[in-house]
Structure formats: C-alpha cells, structure tokens
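Trainee: Could you take me through one part of this model up close? I'd like one strand and whatever sits around it, in plain bench talk.

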Amino acid sequence: MKSVKMNDIKRIVYMGALVSCAPIFCACQKNDVSQDYSSTTFFAMDTVMEIQIDGDETLLTEAQQQVMDLENRLSVTKDGSEVSKLNSAKICRFSEDSTEILTGALQVCTDTDGALDISIYPVLKEWGFTTGEYKVPDEETIEDLLSDVDYSQVQVAVRDDGQADVVIPENMEIDLGSVVKGYTSQMLADYFAENGVDSALINLGGNVQCIGRKTNGNPWKIAIKSPFTDSKTGILGVLEAEDVSIITSGGYERYFEEDGQMYWHILDPATGHPAKNGLVSVSIIGTDGLKGDGLSTSLFVKGLDAASDYWREHQDFDAIFVTDDEQVYITEGVAEKFQLSQEYADFDLKVINK
Amino acid sequence: MKKNDFILIAVVLIIAFTIFAGQRLLNKNNNENNEAVPVAVVQVCGEVYGVYPLSVDREERIELEDGSYNIFSIKDGEVTMIEASCPDKICVNHPAIHSSYDPIVCLPNEVIITVQGNDDADGDNDIDSIAN
C-alpha cells in the first residue's frame, strides 16, 4: 500500500517537473508569421529579387535557376541572349518562353496603340537610362532614332513547336525589359503553385506577386511606393492583396535633373522624350503579370484620362493612378482594399467607376 | 529510497528551471538585438557586411573589391546613402530610411541597406512588401 502511494506522489511530482519544462519548448515557437517561410534574396535582371514561400527551400534554388535562365535568354545587355542576337543580326530563333514574352509584349503594344513600344530601346540608350550616363540628346538625334521606332515592324513567325523566327528591320533594336519581370514573377507564382505552395510573396525589383494569403489567414499587405521624392515614409498607401500581381511604374524610379528640369526613364514613344502627361505613378493590380508590367508603363504614358478610358474598355485589371497635382485615383475593384498611409491621409482619393 | 527520490526530483526541477531561465534570458537578448534596438544592416553581394545601430550617428565607407565604394550616414535614426561610385546614383537619390520595407539598393555595386527592428515607426506596420 505504502509503496503504491509513494509511486503516485512520485508520478505527480515527475509530471509537475515535465510540465514546468514545457515552456522551454514553447518559448522556441515564436508566434511570428515570417518564421513559417523559406526565403531568398538575390541579384538578377538588374534588380534585387526577394522570394518567400511557405514551402521547401529546394523550390527556391530551382526558382532562382529559372530566373537566371530567363535572364540569359532575354537580357538586352547580355551577349549571347536571344534578344542581343536579334538586335545584332536582325534575325533570331526565339525559344518557347521568349516567344511567349515577345508576343505578349507586342499584344500590349497593339492594345495600347503604341503607348508601349518595345523598339524604343535605341532612344532610351541615347538618354543614358540604360547605363546611368545621363544626357539630354539633341532634338535631331531623337527624331532620327524615332524614325526607326515601330513595334509593328517586328515580324514573328511562330512555329508548331512554340518557338519562333523573329525578324526586325535594319536599324531597329528591341528590349523586353518592360514586361520581363512581370512575366517572371507570374512564371514563379505558377511554378510554386504547381508544387503545392499556397502562400508566397515574390518581389522582383518592386514587382510584387502574391500567392494566396499569409499563413495566418490574413491577406498580404502591400505598400505602394510614394512617387514624391520628398516623402518621409516613402509609402503612399497600403493594399490588401491575395493571388494578384501589383506592379508600379513611376518617374521617381530612375531620373536625372539638368538645368532644373527632371527627366525620367519612361519615354513617350510618340515624342522620344520622358512622358509627362500629368501622372507620376501608375500601379496595376491583376492576374496577368506580363500584362500588368506592360500596362503600368503604357498607362503612365497615356495620362489619367486615356488610362481611365482604357480601364473602362478592358476592366480585366485594377489600377491606382497618382497625378502630379497630388490626387490619387483608384478603380472601383480595389477601392475598398486600399488605404492611404498616415503621411498622405489628407490626399484626395477618388474612385474611378465603370 | 525516499531521500534519493527527493534528490532526483529536486535535480530535475533545478535543471528545468535553469534551462527555462536561460531560454528566457536568451530570448530577451535576441529581442534586444532584433527588435528593441533598430539597426541598419548592410549587405554586399549577398553577404552581411556590417550591422550598425541607428542610435549612433556615423558615416561609413563601404569598400568593394573592385575599388568602387558607397558612403552611407546614420543621423537622427535615419540612414541615407550620401555618396557612391555607381553611375546612376539611384541609391543616393533614395530618401532616408528608418524602417524595413523600403531598403536602399545600389544595383551596380550590389549593396543593400535595410533597417531592422523598427517596423512600428510609422504606424503603417505589418507591411509585407513594397511595390515600386
């Protein structure tokens, strides 16, 4: 009898000891969403790429490899890329995904009546935006270069195997930089989704793509960069997002000043000069990364009125426009999900309806 | 028998308590490093180059192997890139930063400066990423 009783006490005390150990193990499990994710940061496509996924780290290695592959085939500055070969030889066989990107880009050029033009590259070079050695070219040079800018002259003969023979005119050079990152983030999102990842965040140099929601069930909170260079926080507002790409274009991204004038890298293909049509930033929210990337540039070029008209005609994406007189316009699809930051709380936020 | 049992129990409890206390202390230290004290983390070519508390004003020159350089300053809890050998000067034009979601990046030199441990600074906390 006595020994049984003793065992009971022992058991209780041992249990007590174990229970008091429990917090040790709990203490290691911080209730922090970021700990659920594997993440990587690397430099590619002339920018910083950050990927975090709720999934296996080997998927990240594979993803990085896929990005490098695409870069090697599409970078305009890499010798031996398909785009470089096309630009020097004026004829090149494009691989399957390069073809998909090229035809996708040309589609945006057509849809926007040339507000996006992938053959603007020689003009962009002349301004120094590709190298950072900025200068304002003389008007004659711009006119001369502009005469060879015309995306409709790009001939693409798609073959049965999905590859294509591409031919461009003698003085033309193309650059797919305006859509490549959008395509790439979409490709990565598809790749992760196929491999069972249901929560991920991809940021390719400011092009954001979200898969699903956060592991805690909340939507992703994506900040939209303030286009105003005197911004204290750098943040215009915050958008709640799931399963969309968010792509912002603005003059603030790359510019230089000369004689008190601000010159930025988004050129109007009609004039060969920086596009100044009243907009300072355009964000496109949608499910097609390539198109979102192309539209963020081309709607910036179009200006607020033409951009709003374009949205009304198509309605397969949402947008946030910021004008140089400090007004923010948002399409009705995302109006409820967007909030201006504290710094810009007194800005006018206007909804664009159908 | 009885005496040994109590010794064993006492030993187990002491070990448990020691580990528990140690863990708490460790966590507290980690918190101090990661959260309580905001720092600027400088990465060069994917490697951490240095970690600098925002509470101490300073100017630091980042030397790269090929002779290129970046100079950043920490002043009044904000980080600014004040000079760089890169041609485009995008990093120098970047506004001063004091929170994590908008790092200063110098692409040509592969330098990234992020601030860690200061996410609540603007009240716009919980931001996961920034589109720009």
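Mentor: Quick bit of vocabulary before we start: two strands count as paired if DSSP finds at least two bridges between them. Keep in mind, too, that this is a predicted model.

Let's settle on strand 7 of chain A, which covers residues 207–211. Is it buried or exposed? Mostly covered, as it turns out: five of its five residues are buried. Side chains in a regular strand alternate between the two faces of the sheet. Here A:Asn207, A:Gln209 and A:Ile211 point one way, while A:Val208 and A:Cys210 point the other way, and all are buried.

Now for the partners. Strand 6 of chain A, residues 200–204, is joined to strand 7 of chain A by five bridges, and the two run antiparallel. If you want a spot to click on, A:Asn203 has A:Val208 as its bridge partner. These two strands make a hairpin with two residues between them, and A:Gly205 in that turn has a positive phi of about 55 degrees. Strand 7 of chain A also pairs with strand 10 of chain A, residues 245–250, again antiparallel, through two bridges. There, A:Gln209 has A:Ser245 as its bridge partner. A:Gln209 is also one of the residues that point the way A:Asn207 does.

Next, have a look at helix 7 of chain A, residues 177–194. Its 18 residues should span 26 Å at 1.5 Å a residue, and the end C-alpha atoms are 26 Å apart, so the two figures agree. This helix is mostly covered as well, with 14 of its 18 residues buried. Just after helix 7 of chain A you'll find A:Gly196, with a positive phi of about 85 degrees.

What does helix 7 of chain A meet? Helix 8 of chain A, residues 289–302: the two axes come within 6 Å and cross at roughly 150 degrees. Angles over 145 count as roughly antiparallel, which is why helix 7 of chain A is described as roughly antiparallel to helix 8 of chain A. The crossing is right-handed. On the helix 7 side, the residues in contact include A:Ser178, A:Val179, A:Tyr183 and A:Gln186. Facing them from helix 8 of chain A are residues including A:Gly289, A:Leu290, A:Asp293 and A:Thr297.

Note on methods: Residues are numbered from 1 along each chain as its sequence is written. Chains are lettered from A and ligands numbered from 1 in the order in which they are written. This is a predicted model: local features need pLDDT of at least 70, side-chain atom pairs count only at pLDDT 80 or more; totals for chains, interfaces and linings use all residues. Side-chain values use heavy atoms; hydrogens and water are left out. Buried means under 20% relative accessible area, exposed over 50%, partly exposed in between (1.4 Å probe, protein chains only). Helices (H or I, at least four residues) and strands (E, at least two) are DSSP runs, numbered from the N terminus. The expected span of a helix is 1.5 Å times one less than its number of residues. Axes are lines fitted to C-alpha atoms, for helices over the stretch in contact, and angles run from 0 to 180 degrees between N-to-C directions. Angles under 35 degrees count as roughly parallel, over 145 as roughly antiparallel, 65 to 115 as roughly perpendicular and the rest as oblique. A crossing is left-handed if the near helix is turned anticlockwise from the far one by less than a right angle, and right-handed if clockwise. Contact means heavy atoms within 4.5 Å.
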